[in-house]
Amino acid sequence: MTRVSRFEPDRQLTVRMGITMFLLGLVYVGFVAALIVLLKSTALVVVVAAGLLVAQFWYSDRIALFAMHGELVTPEEEPELHALVDRLCATADMPKPRVALSRMDLPNAFATGRNADNAVLCITTGLRRRLTTEELEGVLAHELSHVAHRDVAVITIASFLGVLAGLLVRFTFYSGVFGGARRDQNAAAAIAVVMGVSALVYALSFLLIRALSRYRELAADRAAALLTGKPSALASALTKVTGDIARIPTQDLRTAQAFNAFFFTPALGSGATLADLFSTHPTLERRLDALAEIAARLGDGAAAEG
């Protein structure tokens, strides 16, 4: 049975997660119904859609670790890292997640897993090398708050619809190129409609997930700052990581960008300018301003001045 943590509850986050899941559920039902009509195979669509959803939800931690070259580490292998996580979990009164280390220079961290009892907390060697102990503690508290608030599981489920739609676009495209669509106008028309519906569904899920992701990052910053009582350390970590990501090799950034919604900060290269509507994270300025307000309330002068 999952315990209730001492992370401050966030009603706005809970409401936003509920609304996002409800809207995505409507889109998902409509998407499956459209596929059944277009493909004329209820069993195939339901089995494939349900199978992919279960696979992504159940194995999301393994998928993320594999993609980010992360490996689970024991307390004997990484005693300092485990000690930090132990202390934070004791303070928050929450189950300790498995701890993983990714040997990438990209300075980042993420939490994933279907619930608090099956979560994984992963940091990169690039992040640990750049941050002080207090700064790393702030980042770890940020990621643990995602687990405690259950928004990691929500984002995992929510992102499934976009993944399914994207896979379907690719499948129908290649089946049209290499299959018999050129010889059958009806088949070509069906493929075009499926691709159009899939693209629309992908766009809707893309925007809904990003709207939720931006708020959940502010909520995690706030929860971490209140748990540790050191918003200035988290603000310092944010500033360091955001600045250093611009100098990370493009290849590493491309590997990580698919997981932006799960990361502490987005993996965007230098010169990347995205409209707020399409961003997975709030701007650095907004996050620092929010931490400064918390610092003023807590009397943490370093962050308030920043």
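Two strands pair if DSSP finds at least two bridges between them. The legends below apply this criterion to a predicted model.

**Figure 1. Overall composition of the predicted model.** The protein contains twelve helices and four strands. Of its 306 residues, 48% count as buried. Among the contacts in the protein with a separation of 6 or more, 71% are accounted for by residues 24 or more positions apart.

**Figure 2. The open, four-stranded sheet has the strand order 1-2-4-3.** Pairing within this sheet is mixed. Strand 1 (70-72) and strand 3 occupy the edges and have a single partner strand each, so one side of each lacks a neighbour in the sheet. From one strand to the next, the twist averages 25 degrees.

**Figure 3. Strand 1 and strand 2 run antiparallel.** Three bridges join these two strands. Gly70 has Ser102 of strand 2 as its bridge partner.

**Figure 4. Strand 4 pairs with strand 2 and with strand 3.** With strand 2 (residues 98-102), the pairing of strand 4 is parallel and extends over five bridges. With strand 3 (residues 109-112), strand 4 runs antiparallel, and four bridges connect the two. Leu121 of strand 4 appears in both pairings: Leu121 is the bridge partner of Val99, and Ala111 stands opposite Leu121.

**Figure 5. Strand 4 is largely enclosed by the rest of the structure.** Five of the five residues of this strand (residues 120-124) are buried, which is why the strand is described as largely enclosed. Both of its faces are covered. Val120, Cys122 and Thr124 are buried on one side, and Leu121 and Ile123 are buried on the other.

**Figure 6. Helix 4 and helix 6 cross at roughly 55 degrees.** The axes of helix 4 (residues 79-92) and helix 6 (residues 133-148) come within 10 Å. The crossing angle therefore makes helix 4 oblique to helix 6. In handedness, the crossing is right-handed.

**Figure 7. Residues of helix 4 meet residues of helix 6.** The helix 4 side of this contact consists of Leu81, Leu84, Val85, Arg87, Leu88 and Cys89. Facing them in helix 6 are Thr133, Leu136, Glu137, Leu140, Ala141 and Leu144. The residues of the contact comprise nine nonpolar, one polar and two charged.

**Figure 8. His82 of helix 4 is a buried residue.** Its relative accessible area is 5%; because buried means under 20%, His82 falls in that class. Not counting residues up to four places away in sequence, His82 touches Val73, Thr74, Pro75, Lys96 and Val99. One of these residues, Val99, has Leu121 of strand 4 as its bridge partner.

**Figure 9. Asp93 and Arg150 have positive phi values.** Most residues other than glycine have a negative phi. Asp93 lies in the loop between helix 4 and strand 2, and its phi is near 55 degrees. At 28% relative accessibility, Asp93 counts as partly exposed. Arg150 is located in the loop between helix 6 and helix 7 (151-178). The phi of Arg150 is about 65 degrees, although this residue is not a glycine.

How values were computed: Residues numbered from 1 in each chain as written. Predicted model: local features only at pLDDT ≥ 70, side-chain atom pairs only at ≥ 80, totals over all residues. Heavy atoms only, no water. Axes fitted to C-alpha atoms, helices over the stretch in contact; angles between N-to-C directions. Parallel < 35°, antiparallel > 145°, perpendicular 65-115°, else oblique. Left-handed = near helix turned anticlockwise from the far one by under 90°. Contact = heavy atoms within 4.5 Å. Nonpolar A, V, L, I, M, F, W, Y, C, P; charged D, E, K, R; others polar. Buried < 20%, exposed > 50% of the residue type's maximum accessible area, 1.4 Å probe, protein only.
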